[in-house]
Amino acid sequence: KVNPEILQKLERGYKDLLKSDSKSLVKKYLTLDVFDKLKIKKTSFGSSLLDCIQSGMENPDSGIGIYAADPETYTLFADIFDPIIQDYHEGFKKSDIHPPTDWGAIQNVGNVDAKGEYVISTRIRCCRSLEGYPFNPCLKENEYKEIEAKMTDALSTLTGELKGTYYPLEGMTKEVQQKLIDDHFLFKEGDRFLQSANACRFWPTGRGIFHNENKTFLVWVNEEDHVRIISLQQGGNLGEVYQRFVSGVKELEKKLKFMKNERFGYLTFCPTNLGTTIRASVHIKVPKLAKDMNKLNELADRYHLQVRGTRGEHTVAEDGIYDISNKRRLGLTEYEVIKEMFDGIVEIIKREKAGS
Ligand code: ADP
Ligand code: CIR
């Protein structure tokens, strides 16, 4: 049972959320009935509804507003997670099951912008959680260190193009850190959505980045998820990025046991990342389309894409550079995600060329 102090915080936060002009999915789906049913529950890790929706209550400008404080919250608080998941992942219903991993015909993936006219760079990332550990809000300081140690161990065995070095955040100079962020390699620091979700405790303990010499293969440790695996390069050659990505993921999966769920595929801290956990994006200049952001967003919607700013989520476009990626990650295979992104970006470029 949750204690009175938490209940009071929940009641007050919920009232404020309802009064706010928040467009978040948590506000949309957290009806009074659901709220009353869930507010008294607690997982075996001790997580309450407050631990899941605090971020959305403190940040009314959240798009989603909920995180899975621990893996059990997806089932214990299913009454709020399920409709949000169905909305974000465009139709993944309560009765749906995520398909098994299928990387598909990797060699068939090509260049989204063969002439190199629009796309500046291409990136694919996925998220993984290590079996046996909860998510950020429940991790103890020594668990952050354990996860980091397991990761550095596994990463040190990579060879060939994937071979690289791990750089812990602890001890990294501010200059080096900022340069890595500015160059789009490293996660930002002080994300208020993550902070109010209790996801930044003991920072920078256990956090860090691994990358190969060319910074085309990168792994984030203990940011939003235990692990983020990233393949990134200049230009629009999605095929090359995908090949490197898949070989990196496969190598790490030989060495580490990642958390998988019967219904949701790979489990992540944020429900937007469940399933394949893949976000495939381009940094792209589409000045004609960007003159009317409503239209660009509408076009993106039509192809199941999402538009972000140059420095990622919750940031603005700098120098007319947008980050456009697949939106849904759950309910379709890895290959289907990549194909959906490829087809959508090709259409966006066509429309930009046509001048509307
Ligand atoms: P994530 O993609 O991991 O969910 P963000 O949206 O915060 O998180 O993006 C993380 C970083 O990746 C940011 O610095 C962003 O600019 C960078 N990024 C995303 N897509 C691309 C891309 N196609 N080319 C270069 N950098 C990218
Ligand atoms: C929001 O609701 O806007 C934030 N909590 C972020 C949601 C999705 N992004 C993410 O997982 N990084």
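The following exchange asks how several descriptions of this predicted model were reached.

Author: In this predicted model, local features need pLDDT of at least 70 and side-chain atom pairs count only at pLDDT 80 or more, while totals for chains, interfaces and linings use all residues. Residues are numbered from 1 along each chain as its sequence is written, chains are lettered from A and ligands numbered from 1 in the order in which they are written, and side-chain values use heavy atoms, with hydrogens and water left out.

Reader: How do you know that C52 is not in a disulfide with C138?

Author: A disulfide is a pair of cysteine sulfur atoms within 2.5 Å. The closest cysteine sulfur to that of C52 belongs to C138 and is 9.0 Å away, which is too far for a bond. The count by this rule is zero disulfides.

Reader: Why is C52 called buried?

Author: Buried means a relative accessible area under 20%, exposed means over 50%, and partly exposed lies in between, with a 1.4 Å probe and protein chains only. C52 has a relative accessible area of 1%, and therefore counts as buried. C270, at 7%, is buried by that rule too.

Reader: What makes C270 part of the surroundings of ligand 2?

Author: A residue is near a molecule or strand if one of its heavy atoms lies within 4 Å of it. C270 is one of the residues that surround ligand 2, and others include S62, F193, T272 and E313.

Reader: Why is ligand 2 said to lie between domain 1 and domain 2?

Author: Domain 1 (4–88) and domain 2 (106–354) both give residues to the shell around ligand 2, so the ligand lies between them; the domain bounds come from an automatic or database domain assignment.

Reader: Which side chains make polar contacts with an oxygen atom of ligand 2, and at what distances?

Author: A polar contact is a pair of N or O atoms within 3.5 Å; within protein, one must be able to donate a hydrogen and the other to accept it, and residues adjacent in sequence count only if both atoms are side-chain atoms. An N or O atom in the side chain of E224 is 2.8 Å from an oxygen atom of ligand 2, and for the side chain of H314 the corresponding distance is 3.3 Å. Taken alone, ligand 2 exposes 340 Å², of which the protein buries 92%; accessible areas come from the Shrake-Rupley method with a 1.4 Å probe, and for residues only the protein chains shown count as cover.

Reader: How do you know that R123 and R308 are in polar contact with ligand 1?

Author: The side chain of R123 has an N or O atom 2.6 Å from an oxygen atom of ligand 1, and the side chain of R308 also has an N or O atom 2.6 Å from an oxygen atom of this ligand. Taken alone, ligand 1 exposes 560 Å², and the protein buries 93% of that.

Reader: Why is H184 called partly exposed?

Author: The relative accessible area of H184 is 31%, so the residue counts as partly exposed. A polar side-chain atom of H184 lies 2.8 Å from an oxygen atom of ligand 1, and its phi is near 70 degrees, a positive value in a residue other than glycine.

Reader: Why is F202 described as partly exposed?

Author: F202 has 33% relative accessibility and therefore counts as partly exposed. F202 has a positive phi of about 60 degrees although it is not a glycine.
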